[in-house]
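Visitor: I would like a close look at a single part of this chain. Please take me through it step by step.

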Amino acid sequence: MSQADADLEFSKSFIKKNPFDIILCSTHSLEKDIDLNYIDLSKCDINDIYIKYLEKMYKQLNEFSDFDIISHINYIIRYIYKDTKIRFDYSPYEDCLREIIKKIAHMQKGIEINTSGLFQGVDETFPSLWLVKIFKEYSGKIITVGSDAHNPQDIIRGYKYALELLKLAGFTKIASFEKRNIKFINIE
């Protein structure tokens, strides 16, 4: 549910009416209808925009809990780089990121390791190894791997890299879902 908070009642109703295997939740915008892809971040105060992004993600976690996985945490980094060619240092926001990740882990929800950033100039996954280690630190257990593929040939792009990253973070299993029931698969 990208931007489930744009219409919470519709989102909740839509989920109840459909037999999904997995529900991903993501933060794609700062406003209800403007995706970060359509904002020229080179004309913005990047620090201010990043704080608003984190606040939006935290707010969404407080308002909507009928999901299984948070997708591509730090998705905004893709667009900061696209618009500014700056590799944004988000380490000064560690406290905010920790609160978000702790909340996800305590809700017993999972995170997606999204490999798209490896191929878009950012050279890291969303979230990065540092943030995946924080998820592990807060006893997070549910991890999936995704590529944000928009073409069939990209479906497993970066998959092996993501599995190695998960091993470095101390994970031994990834999650799979069927009818919203979780199954863990050993990482080999």
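Visitor: How do the axes of helix α4 and helix α5 cross, and within what distance do they come?

Guide: This is a predicted model. Helix α4 covers residues 94–106, and helix α5 covers residues 129–137. Their axes come within 9 Å and cross at roughly 50°. That angle makes α4 oblique to α5, because it falls neither under 35 degrees nor in the range of 65 to 115. The crossing of α4 past α5 is right-handed.

Now the residues in contact. From α4 come E94, L97, R98, I101, I104 and A105. On the α5 side they meet W130, L131, I134, F135 and E137. By class, this contact has 8 nonpolar and 3 charged residues. It has no polar ones.

Next, the setting. The chain holds 6 helices and 6 strands. From the N terminus on, their order is α-β-α-β-α-α-β-α-β-α-β-β. Two strands close that order. Strand β5 spans residues 173–178, and strand β6 spans residues 181–186. They pair in the antiparallel sense, over 6 bridges. One bridge joins F177 to I182 in β6. The hairpin has 2 residues between the strands. There, K179 takes a positive phi near 50°.

Last, the whole chain. The C-alpha trace spans about 45 × 40 × 35 Å along its principal axes. The radius of gyration is 16 Å. A compact globule of 188 residues would have a value near 16 Å, so the chain agrees with that expectation.

Note on methods:
Residues numbered from 1 in each chain as written. Predicted model: local features only at pLDDT ≥ 70, side-chain atom pairs only at ≥ 80, totals over all residues. Heavy atoms only, no water. Pairing = 2+ DSSP bridges. Helix = DSSP H or I, 4+ residues; strand = E, 2+ residues; numbered from the N terminus. Axes fitted to C-alpha atoms, helices over the stretch in contact; angles between N-to-C directions. Parallel < 35°, antiparallel > 145°, perpendicular 65-115°, else oblique. Left-handed = near helix turned anticlockwise from the far one by under 90°. Contact = heavy atoms within 4.5 Å. Nonpolar A, V, L, I, M, F, W, Y, C, P; charged D, E, K, R; others polar. Rg over C-alpha atoms; globule rule 2.2 N^0.38 Å.
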